[in-house]
Structure formats: structure tokens, C-alpha cells
Amino acid sequence: LEDKLPIHINLIKSLGARNRHQSAIEIGITAVQELGIQWLSPSPDKLRIVADFINIKLRFEVMTTDDFLAIEEMEESKKLAAMKLLKIMAYYGFITKQEYAHTVVTQMLQLTLQHGICDESCTALADCSYLLLQSMDIDGSKRLAELALLLLEKLQANKYLPRVYSSIYAGVFCWYNHLKQSEKWLWQGYQEGLLIGDIEFAFVNAINSLQNRFLYGAQLTLLGKDIELCRKRMIEYGQASQFAICSPLQRAVSKLICCTGDPLSETDTIIHEKETSDISLTRTNFLLDATTYIHFCIVEYIFGNYDSAADKIQERWIMEKEYSRTAKYYGSTDFYDCLICVAMARKSKKEKWVTLAESARSKVKQFAKFGKSNCDHKCLLLQAEILDVEGNVEDASSCYDAAIDAAEKSGFVNEQAIASERAGDFYLRHGDTRSSHYYDKARDLYHQWGALAKADHLYKSTPS
């Protein structure tokens, strides 16, 4: 099998590129077993899987840097071959079943401790860092990321730079730093991937960069052009899986940019209903399912389609239970969940939506403990919205202004626009003429963001 390893790797990658991730993992398991490595089959007890994962990560977390760098290098050829296969399987585990990812990364870290470090150990540590974010183990995630980067430099394992960067600079780095600061690292991962032939992870870095730009409010026209260029290159390189994951983002940007006529017309209502009904789950690709629903709900919320947004976030919650994981997007997912729940609380007068909103808000506040520049303004807007629902008019008013100012300071023009629009709604509900000032401000900010369709929608749906 060692002589045929490149053939197996190419077959597994080919299946992955065509969205056949489960088949890729199954072939990988067979190949690892043929190398004499005992496969740690995912136990039906998910708590046991996570416990094994936590135990192995703790052994690395408590190491001093000197002790870690003193670990000898792996020499046994079969172990090295197994690490190459497991490295590929780990990513497909991320996409499909979380327990596979935990199992594969655990196995890679055990092999590293037992037989020595190798280039693939860099990816195992980086993947471990990423997985720890699911359980909000931020300190552990940060430490494992540090070890991954140290090992990457020590071994000069540049062939895995795209993989390591995608896990770290779209992972724990963005929990502590403004999303914009991740761009240069993710772009480097993209360029390096194309240069060395790691096409799959070149585009993983590209997608993460594009999604972060969308989340922090980068100019949509330029973002849309970069998305189209990236999608064309994905087609050229045969990356069907990455093309599919990028598509929901492209649709979201296009809807915000492009005016399709009167948003209240009967024709547009029919088109919107068809688009909503066409949204469906793959049930096999978490990343695709998550990005489809999250970007759809963001756009639905921005255009005031609260019922369809609420329907889809509830579907996403069910999906996340099935996958045993959540798509956090550095607090953005919970932020929009909370906004949608507040909108439904106003509309339906049902207490359940207030309870759900409070739950989502508490999660955003957890993110704000680490990433103030990404989340402070989010927390202020959510506070204003909930205060308004509770009837605390005076405090809500000051919170809206604070949210707008904080979003401007952090450079989130998209969420500054949303906060301004919500302030306009607030004053309109209370018969205050200041509403027109906030609506005008929101329209200007949507224009600045490049969301021309939304600016037009706001002009047509609010008092002049």
C-alpha cells in the first residue's frame, strides 16, 4: 500500500472534490487499516469520543514550548503514510460527521505522541484548535494553534500552510481579532495553495476570506466581483464541493446588490416564495447546509421577511442537532438569530420568541468577552431591541445610538445600517419624527455598503 499511497490519496481527494465525502472517508479507513494502524472507530457514545479528544489535547496543552519542540521526528514509514491519509480524512469529517473529525484528529495526535512529530502533525494541531471552538474552549484552542504554527515553522512544512492557516485564521484568530485582520493570512493561504498545488485548501482559505468580508461589511460590489472570479477558478480546477459552499454567499450578495423591482409586488412575492421553498438540506455536508441557511436568513432578515427567516433558523437548529455541531461565525449566527426572534416576538406577541431571543443574545455576549471589536456593537443593538420589546423606551433609545456609534467605530457598516434602520423603526412605532433621520442614515449606509437593492427597498417601504 505504501507504494500505491499517491494513488489512494488522489482517489480520496477526487471523491472529496465531487462532494462524495463519506466514500472518501470509507476508503481512507480501509487504507489506514491496511497500513497496520488500528482504526479508532467512532463510538456510538459521542461523550466518549469527545472525552478521548479532550484527554489527548490536554497532553499537548500542558506541555511547555521547549518540551513540545524537543519531540523527536516520526521515522516509521507506515506511520507517516497513515498520517497523510488521516490528514485528508479529518477535513472530510469536518464537512460530514463531527464525530469522524474528533476521531481522526485524536488518532493523529496519539500517533504524534507515540511515534514523533511530522509535517501532518501541524494540521492535526490546527484542526484540534478549530474543533475546540465548538465547546468554547478558547484558551485550549489558542494554545493548540500556537503549537501548530511553531511546528509549521520548525519543520518548514509549507506544503501544509494553506491547511493550517484555514483552521487558525478562520478559527480562533477571529475570536480575538477584528475579522478584517484575518484577510492577509487567508489570502496568503489561498496564494500558497495555488502555488504548491493544494487547490482544495487554497479555495477553503478563499471562501473563508470572502465570508469574513461579507460579515464585517466589506463593499459588496467589489466582494461580488471577487466571488465571481473565485467561482470561475473553482470550475477551472474542478472544485465542485468548494463551488457549492461558495454559492449561497454569491446569492446573498447578489440579492443585496441587485434591484428586482417593487419588493411588495405580487410577482416578486411569488418569486420569493419559490426561492424559499427551493432551500433544502443535503444532510451530508454540514458546511454547505450551514452556509446555505445562514446567508439566506441574513438576507431575509435585512429585507424584512421575518416569517421565512424564522422558519429557516428553526430548520437550521434541527439540522445542527442532527450534526451535533453549530455554525458560530464568530457570533454572527446568534446575532441574526436574536434579531429574527425579536422581530417575531413583536409580530406574534408570543413569549417563546422573547425567550429564544434572550438565549441567542447570551451567546453573543459570550463572544464579546473575546472579540470586542466584532461583537460589542452587536450586543448593544440586541440590548436595545430587547429593551424595546420589554417596554423600556428611554434605555432602548440610548442603546440604539450606542450601537450605531460602536458599529461605526468597529467598521461594520452593514450592521451600522441595520442598527440605524432598527432605530428608525423604534421611533416610528413611538410616533417620534426622529425616525426619518435614522431611515435616511440607514439608506446612506446601505448605499455605502453597496446594498443598493436594500437601500431601494427601504426607500419604498418607509415613510418619506
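Me: Is Met 136 buried, exposed or partly exposed in this model, and where is Met 136 found?

Reply: In this predicted model, Met 136 has a relative accessible area of 29%, and so counts as partly exposed. The residue is found in the loop between H7 and helix H8 (138-155).

Me: What should be noted about phi of Met 136?

Reply: The general idea is that most residues other than glycine have a negative phi. Phi of Met 136, in contrast, is near 60°, a positive value in a residue other than glycine.

Me: What is phi of Lys 349, and in which loop does Lys 349 lie?

Reply: Phi of Lys 349 is near 65°, again a positive value in a residue that is not glycine. Lys 349 lies in the loop between helix H18 (332-348) and helix H19 (351-368). With 71% relative accessibility, Lys 349 counts as exposed.

Me: How should the packing of H18 and H19 be read?

Reply: Two packed helices are described by the angle between their axes and by the distance between those axes. For H18 and H19 the angle is about 160°, and the axes are 8 Å apart. Angles over 145 degrees count as roughly antiparallel, so H18 and H19 are roughly antiparallel to each other. Their crossing is left-handed. Residues making the contact include Phe 335, Cys 338, Val 342 and Ala 345 of H18, and Trp 353, Ala 357, Ala 360 and Val 364 of H19. By class, the residues of the contact of H18 with H19 divide into 13 nonpolar, one polar and four charged.

Me: At what angle do H7 and H9 pack, and how far apart are their axes?

Reply: Helix H7 (residues 119-132) and helix H9 (residues 161-168) pack at an angle of about 15°, and their axes are 8 Å apart. Angles under 35 degrees count as roughly parallel, and H7 and H9 are therefore roughly parallel to each other. The crossing of H7 and H9 is left-handed. On the H7 side, Cys 122, Thr 123, Ala 126, Asp 127 and Tyr 130 take part, meeting Arg 163, Val 164, Ser 167 and Ile 168 in H9. These residues of the contact of H7 with H9 divide into five nonpolar, two polar and two charged.

Me: How many disulfides are counted, and why is Cys 128 not bonded to Cys 122?

Reply: A disulfide requires a pair of cysteine sulfur atoms within 2.5 Å, and by this rule the count is zero. The closest cysteine sulfur to that of Cys 128 belongs to Cys 122 and is 14 Å away, which is too far for a bond. Cys 128 counts as buried, at 0% relative accessibility. For Cys 246, the closest cysteine sulfur is in Cys 230, at 5.2 Å, also too far for a bond. Cys 246 counts as buried as well, at 1% relative accessibility.

Me: Which residues does Phe 203 touch, leaving out those up to four places away in sequence?

Reply: Phe 203 touches Tyr 190, Leu 194, Cys 230, Arg 233, Met 234, Tyr 237, Gln 239 and Gln 242, with residues up to four places away in sequence not counted. Its place is in helix H12 (residues 199-216), and Phe 203 is buried, with a relative accessible area of 0%. The C-alpha atoms of Phe 203 and Ala 17 are separated by 11 Å, although these two residues are 186 residues apart along the chain.

Me: Which residues of H24 are buried, and what covers them?

Reply: In helix H24 (residues 452-461), the buried residues are Ala 453, Lys 454, Ala 455, His 457 and Leu 458. Their cover includes helix H14 (240-257), helix H16 (286-302), helix H22 (413-429) and helix H23 (435-449).

Key: Residues are numbered from 1 along each chain as its sequence is written. This is a predicted model: local features need pLDDT of at least 70, side-chain atom pairs count only at pLDDT 80 or more; totals for chains, interfaces and linings use all residues. Side-chain values use heavy atoms; hydrogens and water are left out. Buried means under 20% relative accessible area, exposed over 50%, partly exposed in between (1.4 Å probe, protein chains only). Axes are lines fitted to C-alpha atoms, for helices over the stretch in contact, and angles run from 0 to 180 degrees between N-to-C directions. Helices (H or I, at least four residues) and strands (E, at least two) are DSSP runs, numbered from the N terminus. Angles under 35 degrees count as roughly parallel, over 145 as roughly antiparallel, 65 to 115 as roughly perpendicular and the rest as oblique. A crossing is left-handed if the near helix is turned anticlockwise from the far one by less than a right angle, and right-handed if clockwise. Contact means heavy atoms within 4.5 Å. Ala, Val, Leu, Ile, Met, Phe, Trp, Tyr, Cys and Pro count as nonpolar, Asp, Glu, Lys and Arg as charged, and the others, Gly among them, as polar.
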